[in-house]
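Reader: Got a minute to walk through this model with me? I'd like to start with the strands, then move on to the pockets.

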Amino acid sequence: MKKTVGIIGAGNLAQTVATYLIRSGYAVTLSNTNTDKLSAIVRSLGTGATAGSVTEAAAADIVFLALPWLSVPELASRINSWDNRIVVDATNHFISPDFQVADLNGRTSTEVVSDYLPGARVVKAFNTLYFKLLEQPPQQTGGRRVLFLSGNDPEANAEVGSLIEEFGFAAVNLGSLSVGGQLQQAKGPLASLNIIKV
């Protein structure tokens, strides 16, 4: 039986990830603060997608964070423990409309996110490509589009890597959050880099 998946956020990236999950046979719970908009999004995604609260989405086996950076701290007030669940951090630490990033004092954005998610096994992934590119077929010109991931838990990294491969992409594990997270986060050398593995 496939694991359940929750997505906190329901914007473009969340909908793109949900589409891949549903195609792969996963049950997906999406959440956001606008319930009317959420209902319409879930209807458009079709069978396999349901609307839920943030708490309900966070109770899934695997949880995707696809929400604005400035909304991340609110999670700490809603959910006290993540009970060893895998959380895929797809956020970028943008703090303004012109893509200025927060000063994190040398830490990676996902290390900061992890502080708000006690007990979670956090993996950075799905953050480097614009959703318009991500939603295109991953098989391109005889190869597969690369998606990067990084995290401190090898088992969680492997599971997210398998999910990426199941969607049809090529997963590239960059290692720990302190190393790989620095490479792939916003303004990092791998941000927005579209690579095809042949």
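Reader: In what sense do strand E1 and E4 pair, and over how many bridges?

Author: This is a predicted model, to begin with. Strand E1, residues 5–8, pairs with E4 in the parallel sense, over 4 bridges.

Reader: Which residue in E4 stands opposite Val5?

Author: Ile62 does.

Reader: And E4 with E5, in what sense do they pair?

Author: Parallel again, and E4 and E5 share 4 bridges. One bridge partnership there is Phe64 in E4 with Val88 in E5.

Reader: Are the faces of strand E4 covered or open?

Author: Both faces of E4, residues 62–65, are covered. Ile62 and Phe64 sit on one side, Val63 and Leu65 on the other, and all are buried.

Reader: Why do the side chains split between two sides like that?

Author: Because in a regular strand the side chains alternate between the two faces of the sheet.

Reader: Pockets now. What is the volume of the largest pocket?

Author: About 790 Å³. It is lined by 25 residues, and the closest to its centre are Leu13, Ala90, Asn92, Phe94 and Phe99.

Reader: Which helix gives the most to that lining?

Author: Helix H1, residues 12–23, with 3 residues in the lining of the largest pocket.

Reader: How do the residues of that lining divide by class?

Author: For the largest pocket, 17 are nonpolar, 7 polar and 1 charged.

Reader: How much space lies in the second largest pocket?

Author: About 260 Å³. Of its 16 lining residues, Gly9, Asn32, Thr33, Leu67 and Pro68 are the closest to the centre. Helix H4, residues 74–78, gives the most to this lining, with 3 residues. By class, the second largest pocket has 7 nonpolar, 6 polar and 3 charged lining residues.

Reader: Back to Phe99. What is its phi?

Author: Positive, about 65°, although Phe99 is not a glycine. Most residues other than glycine have a negative phi.

Reader: Where is Phe99, and how exposed?

Author: Phe99 is in the loop between strand E5 (86–89) and helix H5 (109–115). Phe99 is partly exposed, at 47% relative accessible area.

Reader: What about Ser192, what is its phi near?

Author: Near 70°, so another positive value in a residue other than glycine.

Reader: Is Ser192 buried or exposed?

Author: Exposed, with a relative accessible area of 60%. Ser192 lies in the loop between helix H8 (177–184) and strand E10 (196–197).

Terms used
Residues numbered from 1 in each chain as written. Predicted model: local features only at pLDDT ≥ 70, side-chain atom pairs only at ≥ 80, totals over all residues. Heavy atoms only, no water. 1 Å grid on protein atoms, 1.4 Å probe; cavity = no way out; pocket = protein on both sides within 12 Å on 5 of 7 lines; lining within 4 Å. Points joined across faces, edges and corners; volume = space filled by probe spheres on them. Helix = DSSP H or I, 4+ residues; strand = E, 2+ residues; numbered from the N terminus. Nonpolar A, V, L, I, M, F, W, Y, C, P; charged D, E, K, R; others polar. Buried < 20%, exposed > 50% of the residue type's maximum accessible area, 1.4 Å probe, protein only. Pairing = 2+ DSSP bridges.
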